[in-house]
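Biologist: I've got this one open on my screen. Let's go through it bit by bit.

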Amino acid sequence: MNLLDVMERFPDQKSCIEFLERVRWGDTPQCTHCGSPKVNTRHEKDQNLIGRYNCQDCKASFKVTCNTIFHGTKMPLQKWFVAISLMMNAKKSLSSCQLARDLELNQKTAWSMMQKIRAEMATKGNTLLKGIIEADETYIGGKPRKRNKKEDREPIKRGRGTSKTSIIGAVERGGHVVAKVADDLTGQSIMKFIKSVASIHESELMTDEFRGYMTIGREMKHHIINHQEQYVDGDIHTNTIEGFWSLLKRAWYGTHHHYSVIYTPLYVAEACYKYNYRNRDDIFDKFLRDSMQLE
Ligand SMILES: [Zn+2]
């Protein structure tokens with residue numbers, strides 16, 4: 001869905017509400033407080049009340065947006081829908097300044113909408129990986145910490161051993177990726193991560209020679225490509241996860257380098273979500289359907 005499709009399909013608040021209601025309730029609106037289907041007809045006329053129902057059982061009022069990312073928003077839903085479509089379509093990543101200009105919002109509002117959309121992406125689309133799985137770690141964001149005197153005599157470290165944020169990731173070849181900010185990269189932590197994202201008895205793990213992978217390597221089939229020697233050995237390589245890292249880094253350094261590292265998990269979630277649904281034409285609809293799936 002490009003921008004024009006969104007505007008045409010959702011020309012006003014009413015069409016957005018009707019779409020969300022269909023996704024959430026089908027034909028029967030239900031009270032979001034008590035679950036009762038006995039509700040008065042939807043307010044249509046007053047712009048402030050549009051989309052609101054009154055429950056005949058518990059007497060509370062509610063809207064289709066209750067308890068979703070759109071909960072309590074003052075923003076027209078059309079602007080949300082456009083924001084979602086622009087974020088999904090952006091090859092790298094969209095900056096909040098750009099979105100603010102496109103939607104005539106202030107930057108803070110645009111930024112907070114985008115963070116809510118990212119937080120939604122973070123909770124969706126996690127499937128258990130299996131088959132051939134490549135695992136790797138990378139580092140983004142933040143300034144390197146100040147070096148002490150002893151370290152000053154040593155060469156500047158890159159990658160493992162720096163003070164940037166570490167990200168650990170695993171990708172199923174031909175399938176989904178899962179990545180998250182890692183507190184540390186010990187064998188135990190890496191094992192816990194792999195076990196939480198992959199079905200280890202149905203999988204073979206491909207990694208480089210980093211010793212952090214040896215712990216999990218004792219519990220599942222594990223192939224190592226020694227990057228000191230070569231990058232590909234037949235089927236043994238980590239090119240898929242490295243491809244994902246380069247997407248993530250392009251998004252991060254191209255757009256978000258000035259934000260604090262505490263938000264890194266949300267940017268990682270956005271990159272994963274977009275990677276995982278990159279071949280789906282209906283990623284926009286999928287996102288909205290997911291966002292109405294509250295259980
Ligand atoms: Zn009720």
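Biologist: Glutamate 104, is that buried or exposed?

Modeller: Glutamate 104 counts as exposed, because it has 8 C-beta neighbours inside 10 Å. The cut-offs: 20 or more other C-beta atoms within 10 Å is buried, 12 or fewer is exposed, in between is partly exposed, with C-beta atoms placed from the backbone. Keep in mind that this is a predicted model, where local features need pLDDT of at least 70 and side-chain atom pairs count only at pLDDT 80 or more, while totals for chains, interfaces and linings use all residues. Residues are numbered from 1 along each chain as its sequence is written.

Biologist: Ok, and where does glutamate 104 lie?

Modeller: In the loop between α4 (96–103) and α5 (107–123). Helices here are DSSP runs of H or I with at least four residues, strands are runs of E with at least two, and both are numbered from the N terminus. Glutamate 104 isn't a glycine, yet has a positive phi of about 55°.

Biologist: Which loop is lysine 59 found in?

Modeller: The one between β1 (53–54) and β2 (61–62). Lysine 59 isn't a glycine either, and its phi is positive at about 70°. With 10 other C-beta atoms within 10 Å, lysine 59 is exposed.

Biologist: Back to α4 for a sec. What about glutamine 98 in that helix, how many other C-beta atoms are within 10 Å?

Modeller: There are 15, so glutamine 98 is partly exposed. The C-alpha atoms of glutamine 98 and isoleucine 200 are separated by 42 Å, and the two are 102 residues apart along the chain.

Biologist: Switching to packing. At what angle do α3 and α5 pack?

Modeller: About 65°, with the axes of α3 (residues 77–89) and α5 11 Å apart. Axes are lines fitted to C-alpha atoms over the stretch in contact, and angles run from 0 to 180 degrees between N-to-C directions. That makes α3 and α5 roughly perpendicular to each other; the bins are under 35 degrees roughly parallel, over 145 roughly antiparallel, 65 to 115 roughly perpendicular, the rest oblique.

Biologist: Which residues meet there?

Modeller: Trp80, Ala83, Ile84 and Met87 of α3 meet Met113, Met114 and Ile117 of α5, where contact means C-beta atoms, placed from the backbone, within 7 Å. By class that's 7 nonpolar, no polar and no charged residues.

Biologist: And α2 with α11, what's the angle there?

Modeller: About 60° for α2 (residues 13–25) and α11 (residues 283–292), with their axes 9 Å apart. So α2 and α11 are oblique to each other. Leu20, Val23 and Arg24 of α2 make the contact with Leu288, Arg289 and Met292 of α11. The class count for α2 with α11 is 4 nonpolar, no polar and 2 charged residues.

Biologist: Ile84 came up earlier. What does isoleucine 84 touch?

Modeller: Ile117, Phe284 and Phe287, leaving out residues up to four places away in sequence. Ile84, Ala170 and Ile194 touch the most other members among the 61 residues of the largest nonpolar core.

Biologist: Last one, the whole chain. How many helices and strands?

Modeller: 11 helices and 7 strands. The C-alpha trace spans about 70 × 45 × 35 Å along its principal axes, and 32% of the 295 residues are buried. Of the contacts with a separation of 6 or more, 61% come from residues 24 or more positions apart.

Conventions:
Contact = placed C-beta atoms within 7 Å. Nonpolar A, V, L, I, M, F, W, Y, C, P; charged D, E, K, R; others polar. Core = buried A, V, L, I, M, F, W, Y, C linked by C-beta atoms within 7 Å.
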